[in-house]
Every structure is written in structure tokens, then in C-alpha cells.
Amino acid sequence: MKKLKNCRFLQDWQNKQILILGFKREGKDNLLFLKKIFPKKIIGISDQNEDLKDKRIKNVEWNLGKGYLKNIKKYDIIIKSPGIKNEIVSPYLKKGAILTSQTEIFFHCYPGKIIGVTGTKGKGTVCSLIFQILKRAKKKVFLGGNIENPVLKYLFSAKKNDIFVYELSSHQLVNLKKSPSIAVFLNLFPAHLDFFKSFNSYKKAKANICRWQKKEDFIIYNSKDKNVKDIVKKSKAKKIAFDKKIKKFLKFLNPKKIRLKGYFNLLNISAAICVAEIFKIKKETIKKAVEDFKGLPHRLEYVGRFRGIDFYNDSQATVPEATIAAIDAFKDNLFTLITGGYNANVDYKKLIQKILKSNIKVLILFRPTGEIIFREIKKKLAIKIIFAKDMPEAVKLAFSLTPKNKICLLSPASPSFGLFQNYKERGECFKRLVKKYGKN
């Protein structure tokens with residue numbers, strides 16, 4: 001506790017008015033952290049949800065409902081949750097106020113080594129794999145960040161030799177002015193354009209993964225991704241191109257025992273092994289960890305064989321590039337693709353071209369992005385195209401139209417909003433229905 005109070009970043013906070021902006025999972029972790037450091041201090045909480053007030057929590061000033069932003073101007077330090085846009089907050093800030101985040105607090109106060117991982121897709125898989133490799137090597141390692149594990153609670157027991165694997169989304173990177181000592185940058189293509197004003201704004205946020213690095217730091221990156229390569233050029237850190245290491249790593253890995261499908265997952269594995277090499281982890285330890293790694297739910301997750309059809313859940317594919325990679329992973333045995341969803345203003349031309357060149361025979365589409373795909377593909381007579389109003393209808397259609405010994409893949413290439421709260425709810429719904437209808 002004493003070390004935390006002496007953390008430079010927090011030194012003058014005792015005499016400042018502090019506000020937590022957004023009170024979901026991360027916001028609650030922020031409050032617990034501040035209560036331990038400043039037990040007698042009154043902390044402000046602002047959130048749109050007017051039902052969050054909890055009388056059991058003492059020394060809290062609630063700002064809830066429609067006017068949750070009005071009192072921001074009275075606070076000196078605002079700890080913003082990742083999903084809240086800067087432009088919403090900025091007009092209410094008083095002069096000299098500090099807008100910060102859980103991630104920035106953690107990066108300034110953590111005494112150990114931080115491995116930060118970002119990319120439009122694959123960061124959860126890579127973080128989990130790095131964690132598994134280091135854990136198998138008996139390192140004291142922790143995992144958190146965008147992988148839905150708030151991090152400030154770890155600061156109370158953190159030590160100099162600890163290692164933290166931190167999944168970093170664009171929302172967590174947007175205001176960050178400190179980069180991790182080991183950064184992993186997987187890929188970069190248009191996403192979250194309903195949140196960011198443009199692709200350039202999105203790129204600028206992602207660039208913070210390595211913008212503030214020093215000469216002794218490391219940036220592990222995909223040199224074949226032009227957007228990533230352009231950003232990494234400006235980093236002062238030691239550069240390691242993980243895409244160039246795949247052949248080297250496959251010499252000691254057994255490809256037949258690797259459970260992760262597709263070339264994009266070989267890239268993910270290569271990125272994780274590059275981190276392991278910095279820590280001088282033995283090849284045999286790496287090999288066992290990689291071969292035992294089953295992957296994460298909703299990322300080309302095998303649901304099972306039902307009525308002779310193999311079903312895969314790739315609900316986490318929320319952008320076209322992720323669905324393109326999934327199609328490549330299955331090649332000619334992919335017969336039915338369930339895709340489409342919320343329109344996040346991204347380009348579907350490359351996905352449409354990939355579908356047209358593939359052996360896919362059935363397309364089951366969700367609106368509204370399904371309409372975009374339909375307009376371009378409707379002329380190809382070899383593909384049967386059907387719109388589904390919801391997941392039950394989509395799964396029933398998949399069972400009736402997919403032959404035995406073929407694959408049906410859910411890979412939406414779109415966010416889940418509209419029909420579902422998030423990609424997890426969508427994926428769980430798909431799995432549940434496949435098992436239900438598969439038994440009947």
C-alpha cells in the first residue's frame with residue numbers, strides 16, 4: 001500500500017477531486033482501488049444508468065441518469081471507462097483537469113514487466129497463449145485488461161519480478177501516454193468506425209502500443225501488415241517481425257498436434273513464441289504449451305458433429321477480415337456460411353470476393369450487412385442465399401441445407417448489436433441451438 005501511495009502518478013491525488021466515469025466492471029474495480037488508497041476520500045461516480053446507486057457504498061457522490069456529465073467540471077481527475085468517447089467528455093472538463101484510465105494508472109504503478117498485446121483481431125488468443133507458456137515455465141505471470149479481467153486489484157501484491165500480460169483494445173490505448181516494455185502488434189484493419197471518426201483516428205489510438213517505448217524495449221510485429229509496419233517504423237524499441245519466424249518455429253513444433261486452425265493462428269503462435277524467447281523459455285516448454293492450448297471460445301470453436309455436419313462457432317469474427325481468415329482455414333470443405341449483422345461502416349468487398357472464389361454453396365445472412373453481401377453475390381447461381389430473421393431460423397436452415405461430412409460455420413464479419421448484446425451472447429446462442437436441434 002505504501003509503495004502505491006508513493007507512485008509518482010498518484011502522489012498528489014489525495015488533495016484532488018476524483019471522478020469515476022462509467023461504473024461497470026472496470027469502474028467498480030477503480031472504486032475498490034481508490035477506497036483502499038484513500039479510505040476517507042469522497043469519490044464521484046458518473047454513469048448513464050440511474051439504477052446504480054448503492055447506499056451500502058460510503059463516501060461516494062453519485063451523478064446518475066441523463067445529467068451524468070453535468071458535474072464533471074468540478075473534478076480534477078476523471079478516470080474514464082474505455083467505451084466512453086473523448087468528445088463526449090471534453091466539453092465538460094475544467095481547465096487543467098486530468099483525463100486518465102485504469103490502463104494508464106496500471107502502467108505507471110506496476111513494478112514488474114508488462115507485455116501489452118493489441119491488434120484488430122487475435123489479441124485475446126495471443127495473450128492467453130503467452131500466459132500459458134510463461135505459466136508452464138514457472139514464471140509468476142498474470143493476465144488481464146480487455147480480456148475482461150480488471151487489473152488494479154493486482155497492484156496491491158505486485159512485485160518487481162512479476163509479469164503481466166495485458167490485452168489492449170483501441171479504447172484502452174486511445175489516451176495512453178506510456179507503452180509496455182514488450183509490445184505485440186498483430187494486425188490492423190478498419191474496425192470500430194462507429195466509435196472512431198475515421199480509420200486514421202483508430203490507427204492513431206493503436207499506435208500508442210509502441211509510441212512511448214524506449215531503446216531497451218521490444219516491439220513484436222507483423223511486417224506483412226502495411227499499417228502495422230508504418231507505425232512500428234517510428235518506435236525506438238528493438239523490432240522483431242514474428243511473421244518471419246514461422247518456419248523456424250515449425251521445426252520444433254508438431255503441426256499435427258496444434259489445435260488452432262488456419263494460417264492466421266500460426267501467426268498468433270509465432271507472436272507468442274517471440275515473447276517466450278525474450279524470456280529465454282526452453283523449446284520443449286513452449287512446444288508443450290502450444291500443443292495443449294485449445295484456443296478461446298467463439299474463435300473458430302468446434303461445437304461438434306451433429307447429424308453428420310461439423311459446426312464451428314466464430315462469433316468473435318466482428319470484421320470482414322476475420323471471416324476471410326476463417327474461410328481460408330477450412331478451404332473446400334466449408335459448405336454453409338452464416339454471416340452478417342450490425343453495420344459498423346466497414347468495407348465488405350474483400351469478403352465478397354473471398355466468398356465468390358470459395359467452395360461455399362449456402363449463405364445464410366443476417367441483416368443489415370447481409371444486404372450488402374447479397375447485392376454483390378445474388379447473381380452467382382451456384383450459391384443458395386437465404387435471409388434469417390434470427391439465430392433459431394439460421395440454425396434450422398443450416399441443418400436442412402448442409403450435407404453430411406461438410407462444415408457449417410458461423411462467422412458474422414459484423415458486430416452483434418441488434419439481435420444480441422455482444423459476440424459472446426451470439427456465440428452461446430448458436431452453440432445452444434446447434435446442440436438442441438442436433439439431437440432432435
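Q: Why is Cys-429 called buried in this predicted model?
A: Cys-429 has a relative accessible area of 10%. Buried means under 20%, so Cys-429 is classed as buried.

Q: How do you know that Cys-429 is in no disulfide?
A: The nearest cysteine sulfur, that of Cys-408, is 13 Å away from that of Cys-429. A disulfide needs the two sulfur atoms within 2.5 Å, so this pair does not qualify.

Q: What makes Cys-408 buried?
A: The relative accessible area of Cys-408 is 0%. The cut-off for buried is under 20%, and Cys-408 therefore falls in that class.

Q: Why is the pair Cys-7 and Cys-109 called a disulfide?
A: The sulfur atoms of Cys-7 and Cys-109 are 2.5 Å apart. The rule asks for a pair within 2.5 Å, so the pair is counted. By this rule the count comes to one disulfide.

Q: What makes this a link between distant parts of the chain?
A: Cys-7 and Cys-109 are 102 residues apart. Cys-7 sits in the loop between helix H1 (2-5) and strand E1 (18-21), whereas Cys-109 belongs to helix H4 (residues 102-109). Both Cys-7 and Cys-109 are buried.

Q: Which hand does the link of Cys-7 and Cys-109 have?
A: The link is left-handed, with -85° about the S-S bond.

Q: Why are helices H5 and H11 called oblique to each other?
A: Helix H5 (residues 123-136) and helix H11 (residues 263-278) pack at an angle of about 40°, and their axes are 9 Å apart. Roughly parallel requires an angle under 35 degrees, and roughly perpendicular begins at 65. The angle of about 40° meets neither condition, so H5 and H11 are oblique. Their crossing is right-handed.

Q: Which residues make the contact of H5 with H11, and how do they divide by type?
A: H5 contributes Thr-125, Val-126, Leu-129, Ile-130 and Ile-133. From H11 come Asn-265, Asn-268, Ile-269, Ala-271, Ala-272, Val-275 and Ala-276. These residues divide into nine nonpolar, three polar and no charged.

Q: Why is Arg-299 called partly exposed?
A: Arg-299 has a relative accessible area of 23%. Buried would need a value under 20% and exposed one over 50%, so Arg-299 falls in between.

Q: Where does Arg-299 lie, and what does Arg-299 touch?
A: Arg-299 lies in the loop between helix H12 (283-292) and strand E12 (301-306). Leaving out residues up to four places away in sequence, Arg-299 touches Gly-124, Thr-125, Asn-313, Asp-314, Gln-316 and Tyr-423.

Notes
Residues numbered from 1 in each chain as written. Predicted model: local features only at pLDDT ≥ 70, side-chain atom pairs only at ≥ 80, totals over all residues. Heavy atoms only, no water. Helix = DSSP H or I, 4+ residues; strand = E, 2+ residues; numbered from the N terminus. Buried < 20%, exposed > 50% of the residue type's maximum accessible area, 1.4 Å probe, protein only. Axes fitted to C-alpha atoms, helices over the stretch in contact; angles between N-to-C directions. Left-handed = near helix turned anticlockwise from the far one by under 90°. Contact = heavy atoms within 4.5 Å. Nonpolar A, V, L, I, M, F, W, Y, C, P; charged D, E, K, R; others polar.
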